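Okay, everyone, thanks for coming. Let me put the structure up, and then I'll talk you through the strands, the core and the cysteines.

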Amino acid sequence: MTLRLTPLARGSGPVVLLQRPVYLVGRHPECDLQLDSPKISRRHCCFALAYDRLIVRDLGSRNGVRVNGREIVETQLFRGDEVAIGPLIFRVERDEAAGARPEPRPSEDAPEVDLVPLDDI
């Protein structure tokens with residue numbers, strides 16, 4: 001599965017191709033995606049690809065991470081979800097060049113699934 005993060009506002013951030021198992025986001029120079037904004041923590045959040053699932057986890061950031069408008073600590077992402085990292089909003093999209101197959105989106109009535117903490121992966 002190859003997904004990308006596309007900024008909703010043009011020029012507000014780069015398009016990010018998620019191909020590695022873990023992708024660190026923040027202001028720190030060691031982050032994979034460096035976002036220069038005072039509202040983004042040095043190590044703000046991370047994205048993890050595990051078992052064909054994309055997970056986002058807040059790393060204790062001051063301004064938090066929101067998915068589709070809801071503040072989260074950790075959650076699974078699906079194509080079309082909107083992820084707010086500080087003032088920047090990205091949409092999760094399939095990378096067409098990689099020919100990835102779409103994953104099913106859970107229905108509102110589906111039972112909630114416990115996610116495996118990233119520390120256990």
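So, strand β7, residues 65–67, and strand β10, residues 82–85, run antiparallel and are joined by three bridges. If you want one pair to click on, take Val65, whose bridge partner in β10 is Ile85. Keep in mind that what you're looking at is a predicted model.

Now zoom out from that pair. β7 and β10 sit in an open sheet of six strands, and the order is β2-β1-β11-β10-β7-β8, with antiparallel pairing. At the edges you have β2, 16–18, and β8, 70–72, and each of those pairs on one side only. Going from one strand to the next, the twist averages 30 degrees.

Then there's the other sheet. This one is open too, with five strands in the order β4-β3-β5-β6-β9, and here the pairing is mixed. Its edges are β4, 33–34, and β9, 74–77; each has a single partner strand, so one side of each has no neighbour in the sheet. Inside this sheet, look at β3, residues 22–26, against β5, residues 45–50: they pair in the antiparallel sense over four bridges. One handy marker there is Tyr23, which has Phe47 in β5 as its bridge partner.

As for the chain as a whole, we have 11 strands and zero helices. Of its 121 residues, 41% count as buried. The accessible surface is about 7600 Å², and carbon and sulfur atoms account for 46% of that. And if you take contacts between residues at least 6 apart in sequence, 39% of them join residues at least 24 apart.

Okay, the core. Which residues touch the most other members of the largest nonpolar core? In that core of 22 residues, they are Val25, Leu35, Phe47, Val56, Leu77, Val83 and Ile85. You'll recognise Phe47 as the partner of Tyr23, and Ile85 as the partner of Val65. The strands that each supply at least two residues of this core are β1 (3–7), β2, β3, β5, β6 (53–58), β7, β10 and β11 (88–94). β11 gives the most, with three residues.

Let's stay with Leu35 for a second. Leaving aside residues up to four places away in sequence, Leu35 touches Pro14, Val25, Gly26, Arg27, Ile40, Ile85, Leu88 and Phe90. Val25 and Ile85 are on that list, and both also turned up among the core residues that touch the most other members.

For contrast, have a look at Tyr51, in the loop between β5 and β6. Buried or exposed, would you say, for Tyr51? It counts as exposed, because its relative accessibility is 74% and the cut-off is over 50%. Tyr51 is 30 residues from Pro21 in sequence, but the C-alpha to C-alpha distance between them is 9.9 Å.

Last thing, the cysteines. How many disulfides does the structure hold? Zero. Why are Cys45 and Cys46 not bonded to each other? The closest cysteine sulfur to that of Cys45 is the one in Cys46, and at 6.9 Å it's too far away for a bond, given that a disulfide needs the sulfurs within 2.5 Å. Cys46, likewise, is in no disulfide. Both residues are buried, mind you: Cys45 has a relative accessible area of 0%, and Cys46 has 8%.

That's what I had, so over to you for questions.

Note on methods: Residues numbered from 1 in each chain as written. Predicted model: local features only at pLDDT ≥ 70, side-chain atom pairs only at ≥ 80, totals over all residues. Heavy atoms only, no water. Buried < 20%, exposed > 50% of the residue type's maximum accessible area, 1.4 Å probe, protein only. Pairing = 2+ DSSP bridges. Axes fitted to C-alpha atoms, helices over the stretch in contact; angles between N-to-C directions. Contact = heavy atoms within 4.5 Å. Areas by Shrake-Rupley, 256 points an atom, 1.4 Å probe, with all protein chains shown as cover. Core = buried A, V, L, I, M, F, W, Y, C linked by side-chain atoms within 4.5 Å.
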